[in-house]
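Here's a set of questions about how the labels on this model get earned. Have a look at the structure first, then we'll go through them.

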Amino acid sequence: MDSNSGVVQTTCPYCGVGCGVLAETAPDGTLALRGDPDHPANHGKLCSKGSALGETLGLHHRLLEPMIGGRPARWDAALDRVASEFSSVIARHGPDAVGFYVSGQLLTEDYYVANKLMKGFIGSANIDTNSRLCMASSVAGHKRAFGEDVVPGLYEDFELADLVVLVGSNTAWCHPVLYQRLMSARRERGTRVVVIDPRTTATAAECDLHLPIRPGADVLLFNGLLAHLAASGSLDRDYIARHTEGFEEAIALAAADAGSLVHLAAGCDLDPAALRLFFELFAANARTVTVYSQGVNQSAHGTDKVNAILNCHLATGRIGKPGAGPFSVTGQPNAMGGREVGGLANQLAAHIGFEHPAGIDSVSRFWNAPNIARQPGLKAVELFEAVGAGRIKALWIMGTNPAVSMPDAGKVRAALRSCDFVVVSDVVATDTTRFADVLLPAAAWGEKDGTVTNSERRISRQRRFLPPPGAARPDWAIICDVACRMGFGDAFAFRSPAEIFREHAALSAFENEGRRRFDLGGLAGLTEDAYDALAPRSWPIHHADGAGAGRLFGDGGFPTPDGRARFIPVRHEGPALHVDDSYPIALNTGRMRDQWHTMTRTGHVPRLAAHAPEPVVDLHPADAARLDLAEGDLARLSSRYGFTRARVRITGDQRLGDAFLPMHWSGHFAASAAAGTLSAPITDPLSGQPELKHVPVRITREALG
Ligand code: SF4
């Protein structure tokens with residue numbers, strides 16, 4: 001415990017809502033955590049996971065010292081080994097023979113130096129992130145429509161809207177505090193809520209209209225909505241004319257794709273009357289927010305789904321206005337911060353991609369990095385395929401557990417086993433750390449300083465209130481030490497997270513001149529004290545007074561060459577893999593209310609585990625009867641990629657022919673393989689995001705004994 005007692009304002013490390021947390025240390029050293037009433041994301045509220053944060057701070061499974069080849073080692077020896085192995089592989093095979101796989105759990109400062117090292121100085125773009133599995137389709141959709149990856153709205157729009165449409169988002173469980181804000185508005189203002197989700201989730205159970213859509217039919221549905229808006233005279237012709245391009249092509253394809261209401265309803269497997277009601281609600285409510293999440297993004301056509309939604313908001317001018325806009329909510333606490341620094345293989349830095357040589361030259365000048373990467377690198381699924389094929393010979397995994405979370409996880413584990421040199425830096429032992437040649441103990445939440453950005457572009461500080469245990473160190477310091485040992489010391493001589501943040505902010509404004517909306521220029525001169533006192537605010541932040549921006553694009557001004565947004569014509573394609581006689585059930589995967597990712601933090605907290613003690617597969621009663629499975633039976637789920645086991649729960653919340661399995665469990669916490677073992681490594685061609693919501697499986701009774 002730090003000797004200075006008092007209250008520290010920090011930010012929850014679990015989800016993209018980004019709730020403020022107060023950590024109070026009493027004079028006797030006891031620690032109490034509660035929601036921060038002054039944080040604009042949560043106004044003092046915390047969900048079940050956030051409320052249990054204090055129970056995750058123990059040393060259970062903590063990594064406390066570096067290990068080389070499974071033996072304890074000194075930091076110097078471990079860092080020397082990482083630097084020399086990476087340098088050796090690069091010298092013999094070139095920069096594209098190494099890779100980093102990082103995480104939306106990292107703080108922006110950690111992310112920034114990892115990205116700078118790989119892209120600027122190693123000279124490869126082979127750094128990708130587990131956020132690829134979470135929101136890459138939204139990034140790609142934003143870039144196609146707006147010219148840049150920008151969420152236009154703010155959380156308060158949920159409270160100002162008259163209609164909120166939740167698409168592929170079990171908000172009640174996955175973004176609970178945001179959901180609480182929405183439910184308060186519903187009680188107080190009568191906000192109408194429509195849920196579009198194949199399952200009757202906790203969110204769908206409390207809404208005005210639930211559309212249990214056929215999995216994968218989202219483009220069809222929103223093309224139908226666009227056609228209805230046009231046919232019913234509900235377009236904002238002035239906004240379309242002044243601020244957009246491509247409407248005619250988009251509406252022509254949408255109308256042809258959707259066809260008649262009866263045809264559309266059949267394609268979406270929805271009641272035509274319910275579909276019409278949704279269309280009429282959308283058309284009638286100028287203050288409409290459409291929230292979308294993993295059910296949209298985690299698809300082989302996720303980017304098209306995102307653009308189908310954005311098309312409807314552009315067509316009605318409902319964007320960046322109070323109570324109106326499309327809203328992508330992110331799963332991880334710093335998915336947005338990773339996007340800002342360029343921690344995706346197809347982004348360079350500071351919202352600059354690889355499309356324009358001038359942008360690459362600009363970053364090269366700023367970093368003084370003549371060896372900068374000039375081509376996109378390998379996205380997550382491709383990265384692990386390259387590891388398995390031996391093309392990547394040294395891999396550094398930071399703060400994530402791909403041995404469980406990646407699709408075709410069995411193949412990922414085989415790839416890690418075969419890789420010449422694997423480094424893992426993490427807080428606790430995971431299924432992935434067992435593959436590490438060098439294991440580096442990282443400081444955990446509460447033990448380090450930095451920033452995160454939530455889903456409404458709001459940057460908040462995470463602050464240290466505990467000393468790191470054992471030899472654990474902040475990720476940024478570990479990465480900088482390796483960079484220095486690789487000979488890049490001049491560019492990585494950072495002494496604090498504040499120094500890194502200042503450089504990150506300065507890069508965002510360097511030669512920008514308003515071309516990009518992402519701009520933190522006003523924070524580039526922050527002193528250490530000002531960084532320490534930094535209050536939550538949304539970017540862009542242009543001026544030294546540090547005031548954050550509000551909504552964007554309400555009056556156009558898109559960061560495209562002509563300042564106009566783009567309608568993207570999209571056509572319904574459906575899931576990449578179809579059920580057949582061998583694999584007749586469509587498996588959906590997702591989160592439980594009280595668990596986080598692969599349970600490495602939440603899995604050891606008894607009161608969180610009590611909500612769902614073991615992995616359960618949800619089946620429709622008629623499917624269970626057909627498969628001769630009863631409630632509580634142990635079932636085997638098999639796909640073309642692997643198998644796992646789960647207890648059967650029979651529920652009318654599932655559509656006939658569909659099943660649902662939580663994503664969290666692995667052999668670490670239950671006698672079963674991870675859901676990722678079943679999933680196909682099939683990705684969206686634009687975003688590289690895998691299709692995790694539609695896996696054809698066979699489900700049988702598991703033979704015991
Ligand atoms: Fe943490 Fe998200 Fe819960 Fe807020 S809603 S307390 S950020 S897990």
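**What earns each label**

Q: Which residues does A576 touch, and what makes them contacts?
A: Leaving out residues up to four places away in sequence, A576 touches A300, I682 and E691. A contact calls for C-beta atoms within 7 Å, so those three pass the test with A576. Keep in mind that this is a predicted model.

Q: Why is A576 called partly exposed?
A: A576 has 17 C-beta neighbours inside 10 Å. Buried takes 20 or more and exposed takes 12 or fewer, so A576 lands in between and counts as partly exposed.

Q: Where is A576 found, and how far is its C-alpha atom from that of E382?
A: A576 is in the loop between strand 22 (565-566) and strand 23 (585-590). The C-alpha atoms of A576 and E382 are separated by 17 Å, with the two residues 194 apart along the chain.

Q: What makes strand 23 and strand 28 a pair?
A: Three bridges join strand 23 to strand 28 (residues 695-701), and the two run antiparallel. Pairing needs at least two bridges, so three are enough. Within strand 28, V695 stands opposite L587.

Q: Which closed arrangement do the six strands form, and in what order?
A: They make a closed barrel running 23-27-24-26-25-28, with mixed pairing. From one strand to the next, the twist averages 45°.

Q: How do you know that strand 4 and strand 18 pair?
A: Two bridges join strand 4 (residues 67-68) to strand 18 (residues 438-441). The bar is at least two, so this antiparallel pair qualifies. M67 has L439 of strand 18 as its bridge partner.

Q: What makes strand 5 and strand 7 the edge strands?
A: The open sheet has seven strands in the order 5-4-18-17-16-6-7, with mixed pairing. Strand 5 (71-72) and strand 7 (127-129) each pair on one side only.

Q: Which strands does helix 17 lie across?
A: Helix 17 (residues 380-388) lies across strand 6 (98-102), strand 7 and strand 16 (394-398). Against strand 6, helix 17 runs at about 135°.

Q: What joins strand 19 and strand 20, and how many residues are between them?
A: The two strands pair in the antiparallel sense over four bridges. One of the bridge partnerships puts T451 with R461 in strand 20. There are four residues between the strands of this hairpin, and R457 in the turn has a positive phi of about 65°.

Q: Which way do the residues of strand 19 point, and are they buried or exposed?
A: G450 and V452 point one way, T451 and T453 the other way, and all are buried. For each, that takes 20 or more other C-beta atoms within 10 Å.

Q: How do you know that domain 2 and domain 3 touch?
A: Eleven residues of domain 2 are in contact with eleven residues of domain 3. The domain 2 side has two nonpolar, three polar and six charged residues. The centres of the two domains, taken over C-alpha atoms, are separated by 34 Å.

Q: How many residues surround the ligand, and where do they come from?
A: There are 14, and the closest are C12, C15, C19, C47 and G50. Domain 1 (6-56) and domain 3 (136-329) each contribute at least three residues to the shell. By class, the shell has nine nonpolar, four polar and one charged.

Conventions
Residues numbered from 1 in each chain as written. Predicted model: local features only at pLDDT ≥ 70, side-chain atom pairs only at ≥ 80, totals over all residues. Domains from an automatic or database assignment. Contact = placed C-beta atoms within 7 Å. Nonpolar A, V, L, I, M, F, W, Y, C, P; charged D, E, K, R; others polar. Axes fitted to C-alpha atoms, helices over the stretch in contact; angles between N-to-C directions. Near = placed C-beta within 6 Å.
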